[in-house]
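Reader: Could you take me through the aromatic contacts here? I'd like to see the structure before we start.

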Amino acid sequence: MLAVGPAAEVEARFGPGERLDAVLLPALVNAHTHLELSHLHGRVPGGDGLPSWIQLLVAARAAEPESDIAVEDGVAALTRFGVAAVGDVSNGLGSIPWLSRAGVAGTVYQEVFGFTGPRIERALAQARLLAERAPPLGPGLRRVLTPHAVYSTHLPRLVELLAAGPASLHLAEDPAERRFCSEATGPFAGLHRSLGVTDLPRLGRSPVEVVARHLRPGTLVVHVVDLDDEDRALLARSGATAVLCPRSNLHIGGRLADLPKLLEAGVPLAVGTDSLASAPSLSPLAELATLSRAWPEVSPLALLQLAWNGAAVGAPAVGRLEPGRAPGVLAAPIEREELGDAPFDPCRWLLDVFGREELPFTWLARHRPEPSA
């Protein structure tokens with residue numbers, strides 16, 4: 001990138017530019033997906049809340065083996081939707097070769113489960129062995145160990161993983177999490193008891209309160225649908241980034257995170273799609289279009305900022321157009337009749353038309369992460 005500014009100023013320095021009927025914008029970030037679940041697209045019904053959906057997901061994964069082709073197709077879809085950086089949550093690390101070949105930057109969060117001490121130790125040992133055998137990471141892509149959620153990861157180890165560096169944590173996705181933490185009852189408690197766990201402690205007032213003092217910048221907290229004012233204040237003080245996945249939340253539980261209250265509280269935000277097991281596509285713009293319809297009072301430009309938060313996933317160059325950098329540059333083609341006579345709002349059009357219809361971008365320049373030193 002040589003220069004950014006008004007057309008007249010840039011052309012005075014570099015000569016006439018090519019005129020395009022398009023909106024130009026930085027490449028996008030999908031801060032939360034599970035590419036390894038791409039083979040379950042449309043296969044896991046929702047609507048009964050997170051605990052029920054998890055049981056259906058586990059059954060579907062047991063019945064249907066993972067597919068490299070589905071992961072490859074998922075990465076290709078990310079490219080069509082203008083994504084140059086991801087936060088991909090993985091158990092098997094099968095997305096690494098496809099993300100590396102596509103030149104996608106960001107973080108692969110290698111997730112571990114196990115609510116009891118012995119189970120989490122087995123999971124950590126297996127994860128480390130898998131990481132040793134994993135293919136090499138492409139430039140700009142990193143792998144980190146991460147916990148899954150308060151209701152599924154042994155709390156002492158969860159805290160250690162959060163303290164170790166960048167991490168991604170499913171948090172406050174469903175009211176059942178609050179009940180599990182505050183009362184040690186409800187559907188999540190029932191799931192644990194069915195696995196033989198009988199000693200379930202009361203962890204705290206809410207899942208956010210349980211982990212708040214261990215959160216920090218570099219931590220992603222994903223979903224944050226079930227929050228109260230105290231939870232939002234705790235998140236804002238922590239500096240962690242909240243990743244919103246609205247279409248997944250609507251599919252699973254029929255609820256959305258309260259975007260205006262998160263913005264008012266000053267919580268850093270990003271956007272993700274979650275997996276194709278719970279979302280119709282991997283398009284960040286389509287997620288923002290959903291938020292725009294739910295919260296029309298939030299400006300389109302403020303919403304687009306959520307898809308340009310490359311720093312949240314360890315890819316700070318993505319989502320920015322700055323001289324001296326080599327970011328991705330996208331063009332969203334406009335039909336001339338769409339311009340009309342009224343003032344054209346490119347941000348509104350990107351959400352209401354381009355994103356809502358999930359149209360493919362044209363890449364003018366691809367983000368190519370620098371090789372690691």
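Author: This is a predicted model, and a good place to begin is a cluster of aromatic residues made up of F115, Y151, F180 and F188.

Reader: And how many aromatic pairs turn up in the whole structure?

Author: Searching the whole structure gives six aromatic pairs. In one of them, F115 and F180 meet edge-to-face, with 5.6 Å from centre to centre and 70 degrees between the planes.

Reader: Which parts of the chain does the pair of F115 and F180 tie together?

Author: F115 belongs to the loop between strand 4 (105-112) and helix 5 (117-133), while F180 belongs to helix 7 (residues 175-183), so the pair links parts that are 65 residues apart in sequence.

Reader: Are F115 and F180 buried or exposed?

Author: Both F115 and F180 are buried.

Reader: OK, what about W349 and F354, how are their planes set?

Author: The ring centres of W349 and F354 are 5.5 Å apart and the planes stand at 45 degrees, and since planes from 30 to 60 degrees apart are classed as tilted, this pair is tilted.

Reader: Buried or exposed, for W349 and then F354?

Author: W349 has 6% relative accessibility and therefore counts as buried, and F354, with a relative accessible area of 2%, is buried as well.

Reader: Switching topic, which charged residues sit over the rings of W98 and W363?

Author: Over the face of W98 lies R101, at 4.6 Å from the ring centre, and for W363 it is R366 whose charged end sits over the ring, 4.6 Å from its centre.

Notes. Residues numbered from 1 in each chain as written. Predicted model: local features only at pLDDT ≥ 70, side-chain atom pairs only at ≥ 80, totals over all residues. Heavy atoms only, no water. Phe/Tyr/Trp six-rings, centres within 6.5 Å; stacked < 30°, edge-to-face > 60°. Helix = DSSP H or I, 4+ residues; strand = E, 2+ residues; numbered from the N terminus. Buried < 20%, exposed > 50% of the residue type's maximum accessible area, 1.4 Å probe, protein only. Lys NZ or Arg CZ within 6 Å of the ring centre and 35° of its normal.
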